[in-house]
Amino acid sequence: MTAITAASRLARLRNLAVTGLVTTGAAAAALTLTPATAHAAEAPKAAPAIASKAPAGAKGAANNLDGWIKQSLAIMKAKGIPGTYEGLHRNIMRESSGNPNAQNNYDVNAKNGIPSKGLLQVIDPTFKAFHVAGTANSSTDPVANITAAANYAAHRYGSIDNVNSAY
């Protein structure tokens, strides 16, 4: 083998290695940026307009996830329930992807006839036990669901902010 052949082989190998790394990196980046639908209990559906009682501190809040969280935070503050916007939002996105109609029909609770429902996937007995006065008496009402779940998390974990997995 001559020096010219060895040099051209080495250049070709380097070129292939760089191309492989670039291709692998692009594929990894694409996978990282692709949303994982498996995290939600069910595929998200368009959220319907759901009327919730807005407390004095949240009048005029939008009828969407941001508004529901803000309404819940106002109620939580008035009732002494700890939690932050970030903690609520993080848990909501993990549990339901922001779909107030999400329902888990597959876990042990569902098999026992009490599926988890709503933004924070609360089962009816937990909702009833930790329902907060001043919110709708419906586990699928976004504000009632968030506030009851935050109340439960406060009693069990100190705050919804301390919850980092299914609870």
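Helix pairs are classed by axis angle: under 35 degrees counts as roughly parallel, over 145 as roughly antiparallel, 65 to 115 as roughly perpendicular and the rest as oblique. Axes are lines fitted to C-alpha atoms, for helices over the stretch in contact, with angles from 0 to 180 degrees between N-to-C directions. Helices are DSSP runs (H or I, at least four residues) numbered from the N terminus.

This is a predicted model, in which local features need pLDDT of at least 70 and side-chain atom pairs count only at pLDDT 80 or more, while totals for chains, interfaces and linings use all residues. Residues are numbered from 1 along each chain as its sequence is written, and side-chain values use heavy atoms, without hydrogens and water.

The average pLDDT (the predictor's confidence in each residue, from 0 to 100) is 79 for the chain, and 63% of the residues score at least 70. Over residues 26-57 pLDDT stays under 50. Where pLDDT is low, the predicted coordinates should not be read in detail.

Helix α2 (residues 65-79) takes part in two crossings, with α6 and with α3.

| Pair | Axes come within | Crossing angle |
|---|---|---|
| α2 and α6 (residues 142-157) | 9 Å | roughly 50° |
| α2 and α3 (residues 85-96) | 10 Å | roughly 130° |

α2 and α3 are therefore oblique to each other, and their crossing is right-handed (the near helix is turned clockwise from the far one by less than a right angle). On α2 the contact (heavy atoms within 4.5 Å) involves L65, D66, I69, K70, L73 and M76, and on α3 Y85, L88, H89, I92 and M93. These residues divide into 8 nonpolar, 1 polar and 2 charged; Ala, Val, Leu, Ile, Met, Phe, Trp, Tyr, Cys and Pro count as nonpolar, Asp, Glu, Lys and Arg as charged, and the others, Gly among them, as polar.

α2 and α6 are likewise oblique, and cross in a right-handed sense. Here W68, I69, Q71, S72, I75 and M76 of α2 meet P142, V143, I146, T147 and A150 of α6. This contact has 8 nonpolar, 3 polar and no charged residues.
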